[in-house]
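Trainee: Please pick one part of this model and look at it closely with me. I would like to start with how strands pair, then move outward.

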Amino acid sequence: MNISIEVDDEAWTVVPDLEAMVRRAAREVLKDEDRAVTLVFTDDKTVAELNSRFRGKPAPTNVLSFPYTDDLVMPPGEARPLGDIILAFGTVAREAVEQSKPLAAHAGHLVIHGLLHLLGHDHETDEDAGRMETLEIAHLKNLDIENPYDRP
């Protein structure tokens with residue numbers, strides 16, 4: 001497994017041990033898959049531009065996932081890229097405050113959420129959302145992070 005982490009916005013440095021948390025979350029979801037994933041921690045402006053360009057929504061969101069296609073030709077021995085995950089600091093920090101969650105826990109949840117999207121899960125229907133939330137809760141529990149859906 002190859003996990004690349006890029007911190008493009010210094011605001012993310014307020015999250016203690018961000019890199020260690022991200023690696024634990026990625027290993028939890030991907031287990032022993034020989035995949036590569038890139039996680040980018042950036043700002044709202046960058047995410048708003050990407051969200052507008054690729055989803056037609058001209059506003060920031062907390063997390064974006066961009067899966068790679070499986071038809072990429074890979075050199076022997078190289079991990080097949082799964083995709084990229086991009087998180088927006090301002091939106092994630094605001095949501096953490098609004099939802100009374102620790103910023104690190106909320107960021108960990110969103111990393112798991114993004115990874116599940118890269119693995120093909122979505123929440124377009126109530127049934128799909130229920131399945132995805134169940135997976136998120138199980139992975140978060142293994143990381144000692146509270147169930148984010150079990151809040152007042």
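Mentor: Two strands pair if DSSP finds at least two bridges between them. Strands (E, at least two residues) and helices (H or I, at least four) are DSSP runs, numbered from the N terminus. This is a predicted model: local features need pLDDT of at least 70, side-chain atom pairs need 80 or more, and totals for chains, interfaces and linings use all residues. Residues are numbered from 1 along each chain as its sequence is written, and side-chain values use heavy atoms, without hydrogens or water.

Start with β3 and β4. Strand β4 covers residues 80-88, and 5 bridges join it to β3. The two strands run antiparallel. Find S65, then look across to β4: I85 stands opposite.

Now widen the view. The open sheet has 4 strands, in the order β1-β2-β4-β3. Its pairing is mixed. At the edges stand β1 and β3 (63-67). Each has a single partner strand, so one side of each is left without a neighbour in the sheet. From one strand to the next, the twist averages 15°. Angles run from 0 to 180 degrees between N-to-C directions, with axes fitted to C-alpha atoms, for helices over the stretch in contact.

Next come the helices. Helix α1 packs on the sheet and touches β1, β2 and β4, where contact means heavy atoms within 4.5 Å. The direction of α1 makes about 145° with that of β1. Helix α4 lies across β2, β3 and β4. It runs at about 140° to β4.

These two helices also meet each other. Helix α1 spans residues 18-30 and helix α4 spans residues 103-118. Their axes come within 9 Å and cross at roughly 35°. On the α1 side, the contact uses M21, V22, A25, A26, V29 and L30. On the α4 side, look for A104, A107, G108, V111, I112, L115 and L116.

Now follow the aromatic rings. The structure holds 3 aromatic pairs. Rings of Phe, Tyr and Trp (its six-membered ring) pair with centres within 6.5 Å; planes under 30 degrees apart are stacked, over 60 edge-to-face, the rest tilted. One pair is W12 with F41, edge-to-face, at 4.9 Å centre to centre and 75° between the planes. W12 sits in the loop between β1 (2-7) and α1, while F41 belongs to strand β2 (residues 35-42). They are 29 residues apart, so this pair links distant parts of the chain. W12 is buried, with a relative accessible area of 0%. F41 is buried too, again at 0%. Buried means under 20%, exposed over 50%, partly exposed in between (1.4 Å probe, protein chains only).

W12 also pairs with F89. Their ring centres are 5.2 Å apart and their planes stand at 80°, so this pair is edge-to-face. F89 is in helix α3 (residues 89-98), 77 residues from W12. F89 is buried, with a relative accessible area of 16%. Ring pairs thus link W12, F41 and F89 into a cluster.

End with N51, in helix α2 (residues 44-55). N51 is buried, at 3% relative accessible area. Leaving out residues up to four places away in sequence, N51 touches G56, K57, A59, P60, T61 and L64.
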